[in-house]
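Q: I would like a close look at one part of this structure, a single short helix and the residue just before it, explained carefully for someone in a first year of study. Please then place that part in the rest of the chain.

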Amino acid sequence: MASSCFLRSILFSSLPTSLPSRSDSLSAFFPKNLTCSSTASLFESLSVSSIGSGSIRILTDRRGKLSAVKSMATKTAEIGKEEKKRVEIFDLEENLAIDLAKFTADLSDKFCKERGAFTVVVSGGSLIKSLRKLVESPYVDSIDWSKWHFFWVDERVVPKHHDDSNYKLAYDSFLSKVPIPPGNVYAINESLSAEAAADDYETCLKHLVKTNILRVSESTGFPKFDLMLLGMGPDGHVASLFPGHGLCNESKKWVTSITDSPKPPSERITFTFPVINSSAHIALVVCGSGKAEAVQAALKKTGDVPAGSVSAEDELVWFLDKPASSKL
């Protein structure tokens with residue numbers, strides 16, 4: 001049965017014939033004005049320090065890029081899997097954006113070849129700006145955009161043309177510049193209440209599982225996105241999961257709503273931690289000195305910040321600029 005998931009597309013090219021199409025009636029929800037190796041010899045070790053239960057090695061290469069590679073081999077008792085984390089620190093945010101583009105493009109190539117689809121989740125805020133290199137050469141012409149499926153980890157329940165909309169932010173800076181098929185872009189139905197919009201989005205994800213676009217984690221039973229691109233707030237929140245909020249403990253729902261967000265707008269939907277942490281790969285992108293304390297608390301496990309609870313089934317990479325890493 002076709003999904004009614006409101007997840008509407010934006011403009012671009014037509015749907016490929018190999019992927020399920022969506023009802024034309026869904027377009028009514030769109031605003032009419034929105035269209036759409038290096039080798040080890042290159043590195044010199046500078047220092048080693050402890051972070052959490054692992055360690056972080058600060059490295060520099062000939063281009064002046066700083067990398068911090070965190071080795072983790074601690075199996076969690078609850079699920080018995082090895083936690084894999086890596087921390088990379090860059091002199092400049094520009095270099096971070098360059099490496100983030102390559103990281104994303106490499107995973108796109110891998111999954112498009114392996115499974116014929118690439119499921120990508122983004123957040124709002126400065127994360128979208130850090131994706132800007134993907135809309136430039138060589139990636140804009142080499143990535144197989146027709147196989148991308150694009151989601152939001154959280155969204156504000158506001159019209160799509162509203163300045164607070166994560167959809168608008170992504171559309172203006174990214175989606176309008178790449179040919180992802182309209183039916184592969186999944187926005188919330190903002191005409192519903194926050195609770196109903198969250199249920200609606202979860203229904204859509206379950207439909208995509210049935211059509212084999214979206215995988216399910218064998219270990220958790222939650223959807224397993226190929227890549228989740230996350231930002232972090234100065235208070236350490238990720239998605240719309242805020243410090244001390246009860247939603248951080250939600251263990252059953254895939255998508256849930258929040259009506260008392262400490263950061264406006266108050267009404268939002270958000271993926272839950274079980275969904276976030278079932279992702280194959282996660283890039284957690286953080287820039288700026290204003291987030292340095294939250295980065296320290298998350299990585300050294302010295303504070304109760306939601307970002308410290310993020311994990312991934314295959315790989316979690318922290319992309320930090322120097323100001324954001326200044327307290328490590």
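A: What follows begins with one helix and its start, and then moves outward to other parts of the chain.

This is a predicted model, in which local features need pLDDT of at least 70 and side-chain atom pairs count only at pLDDT 80 or more, while totals for chains, interfaces and linings use all residues. Residues are numbered from 1 along each chain as its sequence is written, and side-chain values use heavy atoms, with hydrogens and water left out.

The residue to start from is Ser165, which sits in the loop between β7 (154–156) and α4 (166–173). These names come from DSSP runs numbered from the N terminus, where a helix is a run of H or I of at least four residues and a strand is a run of E of at least two. Ser165 counts as buried because its relative accessibility is 2%; buried means under 20% relative accessible area, exposed means over 50%, and partly exposed lies in between, with a 1.4 Å probe and protein chains only. If residues up to four places away in sequence are not counted, Ser165 touches Glu155, Val158, Pro159 and Lys160, where contact means heavy atoms within 4.5 Å. At the start of α4, a side-chain oxygen of Ser165 also comes within 3.1 Å of the backbone nitrogen of Tyr167. A polar contact is a pair of N or O atoms within 3.5 Å; within protein, one must be able to donate a hydrogen and the other to accept it, and residues adjacent in sequence count only if both atoms are side-chain atoms.

Within α4 itself, Asn166, Tyr167, Ala170 and Tyr171 are buried. Seen down the axis of α4, its buried residues fall within an arc of 130 degrees, so they line one face of the helix; the arc is that of the directions from the helix axis to the C-beta atoms. An α-helix has 3.6 residues a turn, so residues three or four places apart point the same way. The buried residues of α4 pack against α2, β6 (148–152) and β7.

Phe174 leads from here to the interior. In the largest nonpolar core, which has 91 residues, Phe174, Phe271, Ile276 and Trp318 touch the most other members. Helix α1 (residues 93–115) contributes the most to this core, with eight residues. Such a core is a set of buried Ala, Val, Leu, Ile, Met, Phe, Trp, Tyr and Cys residues joined through side-chain atoms within 4.5 Å. Leaving aside neighbours within four places in sequence, Phe174 is in contact with eight residues named here in full: Ile128, Leu131, Leu134, Val135, Trp145, Trp148, Phe150 and Ile180.

Two loops contain a cis peptide bond. The bond from Ser137 to Pro138 is cis, with omega near 5 degrees, and Pro138 lies in the loop between α2 (127–130) and α3 (139–142). The bond from Pro264 to Pro265 is cis as well, with omega near -5 degrees, and Pro265 is in the loop between β11 (255–258) and β12 (268–271).

Elsewhere, strand β13 (residues 281–286) has six of its six residues buried, so it is largely enclosed by the rest of the structure. In a regular strand the side chains alternate between the two faces of the sheet. In β13, His281, Ala283 and Val285 point one way and Ile282, Leu284 and Val286 the other way. Four bridges join β10 to β13, and these strands run parallel; two strands pair if DSSP finds at least two bridges between them. Met228 stands opposite Ile282 of β13. Six bridges join β13 to β14, which also run parallel, and His281 has Glu315 in β14 as its bridge partner.

Taken as a whole, the chain has seven helices and 14 strands, and 55% of its 328 residues count as buried.
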